[in-house]
Amino acid sequence: MWTYPGMTNMTILSEFKTSDLVIAAVLKTSGKELTTIEMKGMRGIFVFKDVEQSFLNDIDMGNILVEPNDFHNTTKQLTSIVRRKQQN
C-alpha cells in the first residue's frame with residue numbers, strides 16, 4: 001500500500017492498478033468496476049475505476065469479507081482472462 005502526505009481515508013482513486021490477483025478478486029467481488037487488464041510481460045495488471053483509499057486500507061487490514069464461492073469464481077475468471085491474454 002502506498003500513501004502520500006495529505007492523503008485522507010476519503011480519497012477516491014480514479015484509477016487503481018494492481019498485479020495482485022487476490023486484491024483484484026476482492027475488489028471485483030465487492031462490486032468495484034474492473035475497466036481493463038493490461039499486460040506487462042506475462043503479468044496481468046488489473047485496472048479498477050473509483051476505488052476508495054479507505055477500502056484498500058480495509059483490505060490491507062483484513063477487514064473486508066466477501067462470499068467465498070464468489071471470490072473463488074472471480075479468481076478463476078481473472079486467471080483465465082490473463083492466461084488468454086498471455087497467448088495473444
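Trainee: What follows α2 in the chain, and what is the sign of its phi?

Mentor: α2 is followed by Gly62, whose phi is positive, near 75 degrees. This is a predicted model, in which local features need pLDDT of at least 70 and side-chain atom pairs count only at pLDDT 80 or more, while totals for chains, interfaces and linings use all residues. Residues are numbered from 1 along each chain as its sequence is written, and side-chain values use heavy atoms, leaving out hydrogens and water.

Trainee: How many helices and strands does the chain have?

Mentor: The chain has 3 helices and 3 strands, and from the N terminus on they run β-α-β-β-α-α. Both are DSSP runs numbered from the N terminus, helices being H or I of at least four residues and strands E of at least two.

Trainee: What makes the packing of α1 and α2 parallel, perpendicular or oblique?

Mentor: Helix α1 (residues 21-29) and helix α2 (residues 53-60) pack at about 125 degrees, with their axes 11 Å apart. That angle makes α1 oblique to α2, because under 35 degrees counts as roughly parallel, over 145 as roughly antiparallel, 65 to 115 as roughly perpendicular and the rest as oblique. The axes are lines fitted to C-alpha atoms over the stretch in contact, and angles run from 0 to 180 degrees between N-to-C directions.

Trainee: Which residues make that contact, and how do they divide into nonpolar, polar and charged?

Mentor: Ile23, Val26 and Leu27 of α1 meet Phe55, Leu56 and Ile59 of α2, where contact means heavy atoms within 4.5 Å. They divide into 6 nonpolar, no polar and no charged; Ala, Val, Leu, Ile, Met, Phe, Trp, Tyr, Cys and Pro count as nonpolar, Asp, Glu, Lys and Arg as charged, and the others, Gly among them, as polar.

Trainee: How do you know where the buried residues of α2 lie around the axis?

Mentor: The buried residues of α2 are Gln53, Phe55, Leu56 and Ile59. They cover an arc of only 160 degrees, which puts them on the same side of α2; the arc is that of the directions from the helix axis to the C-beta atoms. These buried residues pack against β1 (12-18), α1 and β3 (43-52).

Trainee: Why is Ser30 called buried, exposed or partly exposed?

Mentor: Ser30 has a relative accessible area of 30%, and buried means under 20%, exposed over 50% and partly exposed in between (1.4 Å probe, protein chains only), so Ser30 is partly exposed. Ser30 lies in the loop between α1 and β2 (33-40) and, not counting residues up to four places away in sequence, touches Phe55, Ile64 and Val66.
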